[in-house]
Amino acid sequence: MRFLQIVMSKGARSGPPDPNHLAKVKKKFDDDIASGKLVASGALGKRATAAARVASKGGEITVEDPPAGDGWLAAGGYALFDASSKEEAIARAKATLEMMGDGIVELIQVTEMYPPPRTE
């Protein structure tokens with residue numbers, strides 16, 4: 001099973017990240033990559049400058065910029081990973097929150113793309 005994990009922090013950072021914390025996060029990512037479980041990960045852009053919501057209703061397409069402040073989501077990141085079950089994905093989300101502190105993790109099960117992309 002493949003899950004998209006969206007991580008949102010609660011509130012703005014009070015300063016630069018702690019180097020010890022960054023080393024812990026890097027080790028976790030390195031371990032997940034080595035195990036083959038982590039497929040992709042990265043940061044989410046600031047909503048004020050890097051986001052839009054595009055919607056279609058009744059054939060009309062609208063584009064909405066995020067509201068001021070924390071708006072739709074606070075800053076955070078994402079990870080796409082393989083898990084053997086929803087329970088394993090939830091355990092992973094709990095471990096992420098234990099590592100990052102206050103925040104929210106959303107999990108969405110995704111399917112494999114078919115047909116797979118060409119590698120030529």
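Asp32 is buried, its relative accessible area coming to just 8% (buried means under 20% relative accessible area, exposed over 50%, partly exposed in between, with a 1.4 Å probe and protein chains only). The model is a predicted one, so local features need pLDDT of at least 70 and side-chain atom pairs count only at pLDDT 80 or more, while totals for chains, interfaces and linings use all residues. Residues are numbered from 1 along each chain as its sequence is written, and side-chain values use heavy atoms, with hydrogens and water left out.

What does Asp32 pair with? One partner is Arg92, with the closest N and O atoms 2.7 Å apart in a salt bridge (a side-chain nitrogen of Lys or Arg within 4 Å of a carboxyl oxygen of Asp or Glu). This pair links distant parts of the chain, as Asp32 sits in helix H1 and Arg92 in helix H3, 60 residues apart. Helices here are DSSP runs of H or I with at least four residues, strands are runs of E with at least two, and both are numbered from the N terminus. Asp32 and Arg92 are both buried.

Asp32 also meets the side chain of Lys28 in a salt bridge, at 3.1 Å from N to O. The two are four residues apart in helix H1, which means that about one helical turn separates them. In general, an α-helix has 3.6 residues a turn, so residues three or four places apart point the same way. Lys28 counts as partly exposed, at 33% relative accessibility.

Helix H3 brings in another charged pair: Glu88 and Lys37 form a salt bridge through their side chains (2.8 Å, N to O). Since Glu88 belongs to helix H3 and Lys37 to the loop between H1 and S2, the pair ties together parts that are 51 residues apart in sequence. Glu88 is partly exposed at a relative accessible area of 28%, and Lys37 is partly exposed too, at 29%. Salt bridges that share partners join Lys28, Asp32 and Arg92 into one network. The structure holds six salt bridges.

Now for helix H3 itself. Its 15 residues (86-100) should span 21 Å at 1.5 Å a residue, and the end C-alpha atoms are indeed 21 Å apart; the expected span is 1.5 Å times one less than the number of residues. Which residues of H3 are buried? They are Ala89, Arg92, Ala93, Thr96 and Met99. Viewed down the axis of H3, the buried residues fall within an arc of 125 degrees, so they line one face of the helix; the arc is taken from the directions from the helix axis to the C-beta atoms. On the other side of H3, Glu87, Lys94 and Glu98 are exposed. The buried residues pack against strand S1 (2-9), helix H1 (19-35), strand S2 (38-43), strand S5 (76-82) and strand S6 (103-110), where contact means heavy atoms within 4.5 Å. Just after H3, Gly101 adopts a positive phi of about 95 degrees.

That leaves the sheet. Four strands make up an open sheet in the order S2-S5-S1-S6, with antiparallel pairing (two strands pair if DSSP finds at least two bridges between them). S2 and S6 are the edge strands, each pairing on one side only. S2 and S5 run antiparallel and are joined by five bridges; Ala43 has Gly77 in S5 as its bridge partner.
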